[in-house]
Amino acid sequence: MSQKPLVVVSGATGAQGGSVVNSLLATGNYKIRALTRNPNSDKAKALKAKGVDEIVKCDFSSNKEEIINALNGADIAWIVTNFWDPTIVGAKPDEEERQGKLIADAAKEVGLNWLIYSSLPDTIIESDGKYPDIIHFHGKNRVERYIRSLGIPNTTFVYLSYYYQNIGVFSPIIEKDNEAVLVFPYITENDTIPMIDVDNDTGPIVAKIIEEGPAKWNGKKVPVAADNVSLKYVVDVLTKVTGKTHKLRTLTDDDVKEFPGIDNDELKQMHKWFLEYGLFGKDEEVKDISIAKKLHPKIRSFEQYALEKFSKA
């Protein structure tokens, strides 16, 4: 009997990585090495209890040797970096790009066969410089281009859309008397955004890509999105599942000042980018979200997610 392929999963205690771990475990076809900064955390211990083979300490901000150790002997690696880590956002915004390139160098050095990387569009190039401050987009894309230049045998780039989980967080919901107001900068109720249940649906898509193999997916970009969702649909669904009327408030530049959490160039430009170019930008390969449903027919709609998350029933 042939040995199971060893798959490294970064961000294993986070949203994307955690979903990938769960889906790979469910197949029983892989040996899994989960990377985490703190192997002694409760989340890391829970991974071990679920059946993850190896829990390996790896902090992408540290030296390359730690990353080489994390990738050594692996056949496949799923890599996601975290711009929203407090040591990066607001502190060293270019650090995510540095980390991604360091990981790519390590993958090349250890002879990794297949690197699957969580990427996003280059918002500077595609907007002709109009949106220079969406660092968590263009930084990832610079890493993608660097990975493509290294000659790693197989590389695949997975593009996550807007998380359903951001509704009520990045996009605040303000409760008022017997109604609730969903707040979004610039985007009106008829505008659409590709969205996904990151916890539930990232893993099945990545696991299916791995099952189908690098011959099919080498060099490809794969969007992870269930639907192009209008904000009218979002507020209508929230009204339906909570029993409380939800409305949309579209913020102008002046209005955004009321919300310190989104009153920054990074997020203001991101929402303007959504409005002008769409989250996935101009690239037709990534804009064809039908591929996600083919890989994962049971991908969840926003209504299915909202029934579980927001329903008062």
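Let me start with two tyrosines, Tyr164 and Tyr305, which are both buried, and I should say at once that what we are looking at is a predicted model. Their ring centres lie 5.3 Å apart with the planes at 35°, so this pair counts as tilted. Tyr164 sits in the loop between β7 (162-163) and β8 (173-176), while Tyr305 belongs to helix α14 (residues 302-309), and the pair thereby links parts of the chain 141 residues apart. These two tyrosines also belong to one aromatic cluster, together with Tyr233, Phe302 and Phe310.

Staying with aromatic pairs, the count comes to eleven. Another of them joins Tyr131 and Tyr277, whose ring centres are 6.4 Å apart and whose planes stand at 85°, so that pair is edge-to-face. Because Tyr131 lies in the loop between α5 (123-126) and α6 (135-149), and Tyr277 in helix α11 (residues 265-277), the contact ties together parts that are 146 residues apart in sequence. Tyr131 and Tyr277 are both buried. As for a charge beside a ring, Lys101 lies over the face of Tyr146, at 5.8 Å from the ring centre.

Now to strand β1, residues 6-9, which is covered on both faces, with Leu6 and Val8 buried on one side and Val7 and Val9 buried on the other. Which strands does β1 pair with? Four bridges join β1 to β2 (residues 31-36), and these two run parallel, while three bridges join β1 to β4 (residues 76-79), again in parallel. Val9 stands opposite Ala34 in β2 and opposite Trp78 in β4. Finally, β1, helix α1 (residues 15-27) and β2 together make a right-handed β-α-β unit.

Terms used:
Residues are numbered from 1 along each chain as its sequence is written. This is a predicted model: local features need pLDDT of at least 70, side-chain atom pairs count only at pLDDT 80 or more; totals for chains, interfaces and linings use all residues. Side-chain values use heavy atoms; hydrogens and water are left out. Buried means under 20% relative accessible area, exposed over 50%, partly exposed in between (1.4 Å probe, protein chains only). Two strands pair if DSSP finds at least two bridges between them. A crossover is right-handed if, with the strands pointing away from the viewer, the path from the first strand over the helix to the second runs clockwise. Rings of Phe, Tyr and Trp (its six-membered ring) pair if their centres lie within 6.5 Å; planes under 30 degrees apart count as stacked, over 60 as edge-to-face and the rest as tilted. A charge sits over a ring if NZ of Lys or CZ of Arg is within 6 Å of the ring centre and within 35 degrees of the ring normal.
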